[in-house]
Amino acid sequence: MEYVVTIDNFDGPLDLLLHLIKKMDIDINEVSIEEITKQYLNYINTMKEMNLDIASEYLVMASELMEIKSISLLPKSHIEEDEYVEDPKETLIKRLIEYRKYKELVPSFQDLEDERKKEYTKSPSDLSEFKVVDEEIDLGDLSLDDLMNAFKDFLKRKELEKPLNTKITKREYSVKKRNNEIRDILKKKKKIEFEELFDIMSKDYIVVTFLSILDLARKQDLCIKQDDNFKKIYLSLRESD
Amino acid sequence: MNLTAVIEGILFLKGNEGISVEELKEILNVDEPTLVPYLDTLKKMYEEPNRGLKIDYLGGRLKLTTKKEHKEYYEKLTEEEISSTLSPAALEALVIIAYNQPITRIKVDEIRGVSSQHLVRKLLLKGLIKEVGKSDQPGRPNLYGTTSEFLDYFGLKTINDLPKIEEPESLDEETNLFESKYTETL
């Protein structure tokens with residue numbers, strides 16, 4: 001029984017055509033379109049009988065071949081004029097020659113591939129542990145202080161993001177007690193920034209402190225000063241006259 | 001400082017990534033005429049039969065590799081054959097790209113007469129080809145070209161070392177005429 005090369009052995013219709021031409025043992029330029037079409041269709045039909053899936057490319061090529069064949073059968077008197085029509089058979093042969101050119105290179109690349117595989121290399125060494133951190137970042141006009149301040153601000157923001165302290169231990173703040181504390185602070189420091197008084201981030205403490213400030217102000221003990229909108233607010237003791 | 005020894009060390013560390021002559025020049029802070037003798041010395045040293053390594057120029061980069069003749073011993077180091085080769089179809093696509101780069105996938109399809117989509121993807125994944133730009137054609141398809149890894153894979157120094165294509169013997173009469181005329185006028 002003749003050994004049948006199945007369609008899976010081919011890389012597309014051009015490959016199959018080259019195979020058929022080789023089997024016919026003729027020069028590619030001398031191929032008779034009739035013969036090759038016959039062979040090709042035979043092959044496709046055999047594959048169909050074997051229930052092999054035939055990719056659409058092969059069918060496209062079959063129809064192309066049949067078209068070329070039918071054109072070659074027609075009398076070609078009517079295309080004498082200046083319109084140049086490329087002979088579809090020639091086009092196909094050109095394509096085959098072009099394809100064959102690369103196909104024939106494949107074995108030499110396989111040889112090169114095999115040869116190269118006889119030599120081994122190793123992966124590059126991981127040099128990262130020797131890396132000196134010397135990447136200079138262009139700071140422009142920024143100074144180290146700016147960066148430090150930015151970092152401080154960041155930490156502050158981070159701090160505010162934290163969930164409020166939820167210690168349950170009931171520590172009672174009283175406005176009266178806080179009043180005295182604030183007076184003491186102001187006696188010592190004379191002038192103080194409003195925000196400085198809120199040194200504990202608990203709701204009670206903040207509320208009590210705020211109430212104290214209001215209370216002291218009401219009692220005319222406290223002088224509250226702000227130079228402009230959104231500027232810092234300073235607190236000082238009103239000189240008791 | 002013995003630069004030959006330094007180069008040897010660099011090549012060892014760089015492994016299959018290799019190093020280009022340009023990079024070496026910069027690291028060693030020498031110009032090419034100064035560098036070449038050091039390289040030659042190192043190369044000669046490795047050519048000695050009692051050395052197990054050699055310097056190869058692959059894909060435009062100097063690399064330290066083992067010698068072919070010792071392959072059988074290295075193979076014993078692995079339990080099984082692990083080296084896989086490219087399929088003929090993939091090679092075909094790769095060869096077409098190598099000789100026609102930059103080239104679109106559609107053009108590869110045209111030459112092969114069959115879709116090369118999965119082959120191109122495979123070759124991209126293997127790093128043997130890469131996108132090198134966009135074609136002006138409608139849809140601006142990607143253009144592909146081969147990489148330094150491609151050259152290394154086939155043991156080629158530069159792209160000029162690709163095997164020459166034997167042009168089919170069928171020279172048109174036109175070309176023949178032209179050539180004969182040309183020789184006459186000379």
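Reader: What share of the contacts in chain A with a separation of 6 or more comes from residues 24 or more positions apart?
Author: That's 61%, with a contact meaning heavy atoms within 4.5 Å. This is a predicted model, with local features needing pLDDT of at least 70 and side-chain atom pairs pLDDT 80 or more, while totals for chains, interfaces and linings use all residues. Residues are numbered from 1 along each chain as written, chains are lettered from A and ligands numbered from 1 in written order, and side-chain values use heavy atoms, without hydrogens and water.

Reader: What makes A:Tyr58 and A:Met61 of H3(A) count as buried residues?
Author: Buried means under 20% relative accessible area, exposed over 50% and partly exposed in between (1.4 Å probe, protein chains only). Those two make the cut, along with A:Ala62, A:Leu65 and A:Ile68. They sit on the same side of H3(A), because they cover an arc of only 130° around the axis; the arc is taken from the directions from the helix axis to the C-beta atoms. Their cover includes helices H1, H2 and H4 of chain A.

Reader: How do you know that the span of helix H3 of chain B agrees with what it should be?
Author: A helix is a DSSP run of H or I with at least four residues, a strand one of E with at least two, numbered from the N terminus. The expected span is 1.5 Å times one less than the number of residues. For the 16 residues here that gives 22 Å, and the end C-alpha atoms are 22 Å apart, so it agrees.

Reader: Which residues of H3(B) are exposed on the face turned away from its buried side?
Author: B:Pro33, B:Lys44 and B:Glu47.
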